[in-house]
Amino acid sequence: MTDLKLKVTMDLSVVLVVGFCFVLLGNGVQSDRDDEKLQSLPQDQPYRTGYHFQPPKNWMNVWGNITWAHSISYDLVNWIHLDIALSPDDPFDINGCWSGSTMFLSGGKPVILYTGGVTMNRQVQNLAEPKNLSDPMLRVWVKSSHNPIITHVDGMDSENFRDPTTAWQGPDGLWRVLVGSEMNSHGRALLYRSRDFVTWTQSKEPIHSSTRTGMWECPDFYPVSIDGKSGVDTSSLDKFTKHVLKASFDSSDHYVLGNYTDVPDNFSVDTDFLDNGSDLRYDYGNFYASKTFFDSAKKRRILWAWIQESDSTTDDVKKDWSGLQSFPRSILLSKTGKQLIQWPVEEVEKQRTVNVSFKNKELKGGSVLEISGITASQV
């Protein structure tokens, strides 16, 4: 269950903590773990992507030693690899540090909410904090002594209880967070509230549920501006916003639009998941377990997701890596207000180099026209 975990805006830099299985590193240009100097792609990996975020080895989003890796970037394209942020070495996460989210509390303090695998069939939600707030890279994270801070209640499917969203704070001062779950094989997003971010109370009703879907993985819940010109903070309750609820199921990321009110917490959807032929998705290709975050420096909401490659397991083992992240995309509400629109972040355009073009070429059926000056992998 991959997710984007943390955004910290500082002067000219954006720091991102990303949690995936095993060790992750940058892509287009990678870093050496010891001195953190950027270096080019390895020459013996011709099929690695040039500009997508992906690990140098091992697998993203699979079973095993599930950890939160930690990488930082100044432009969302070039990445520097740091030490592991969270490892499954405590009773409340001994079977894996699964997905979650990172957010800022009052005063700008970042925290991580993540799912811990206690046993093979029981999941809980945990809290972690940076050890040294003066470290701009937030290199070391410490798990809370209060863990687990959210556990399942009787009658709940404890095996499918994971992926806490980015929390948002209402005018009443209470923090709210959603956790993906299911009841009787149907998906739902459970709502929890807290004043101190440690003691959480479950709402009597989920923020939303559906009888048409299975388990909701990696839920996401955030506002979008009706004017469609810029992103808005996750805690925004402006009357000129709509809310998006995204759920990952059936190997795709589906979403619905609606109106959210905080008193009482209520989310009224325009058209529900899969109702009346509706099938709104972020992407109809290979795009799953996505996460958005608000970039306050550029007033935009950024979306990206895990992409599972179609290579065989044999090929994956041979090349010693598998999986990557999509290009980061800015996401807005369309002018009609009925769907979301996306575009790769502007930083991607800076990676373009030589412009290769041709004109006045006749294309005949069955013919082959070679374009010189560029390789297929670059296109």
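What follows is a short exchange on how some labels in this predicted model are justified.

Biologist: What are the ground rules?
Modeller: The model is predicted, so local features need pLDDT of at least 70 and side-chain atom pairs pLDDT 80 or more, while totals for chains, interfaces and linings use all residues. Residues are numbered from 1 along each chain as its sequence is written, and side-chain values use heavy atoms, leaving out hydrogens and water.

Biologist: Why is C97 called buried or exposed?
Modeller: Buried means under 20% relative accessible area, exposed over 50%, partly exposed in between (1.4 Å probe, protein chains only). C97 has 1%, so C97 is buried. C218, at 0%, also counts as buried.

Biologist: And why is I374 called partly exposed?
Modeller: Its relative accessible area is 34%, so I374 falls in between. I374 lies in the segment after β27 (340–344); strands are DSSP runs of E, at least two residues, numbered from the N terminus.

Biologist: How many disulfides does the structure hold?
Modeller: 0. A disulfide would need a pair of cysteine sulfur atoms within 2.5 Å.

Biologist: What makes β9 and β10 a pair?
Modeller: Two strands pair if DSSP finds at least two bridges between them. Strand β9 (residues 110–119) and strand β10 (residues 122–130) are joined by 7 bridges, so they pair, running antiparallel. G117 has Q123 in β10 as its bridge partner.

Biologist: Which order do the strands of that open sheet take?
Modeller: The 4 strands run β8-β9-β10-β11, with antiparallel pairing.

Biologist: Why do β8 and β11 stand at the edges?
Modeller: β8 (97–104) and β11 (141–143) each have a single partner strand, so one side of each lacks a neighbour in the sheet.
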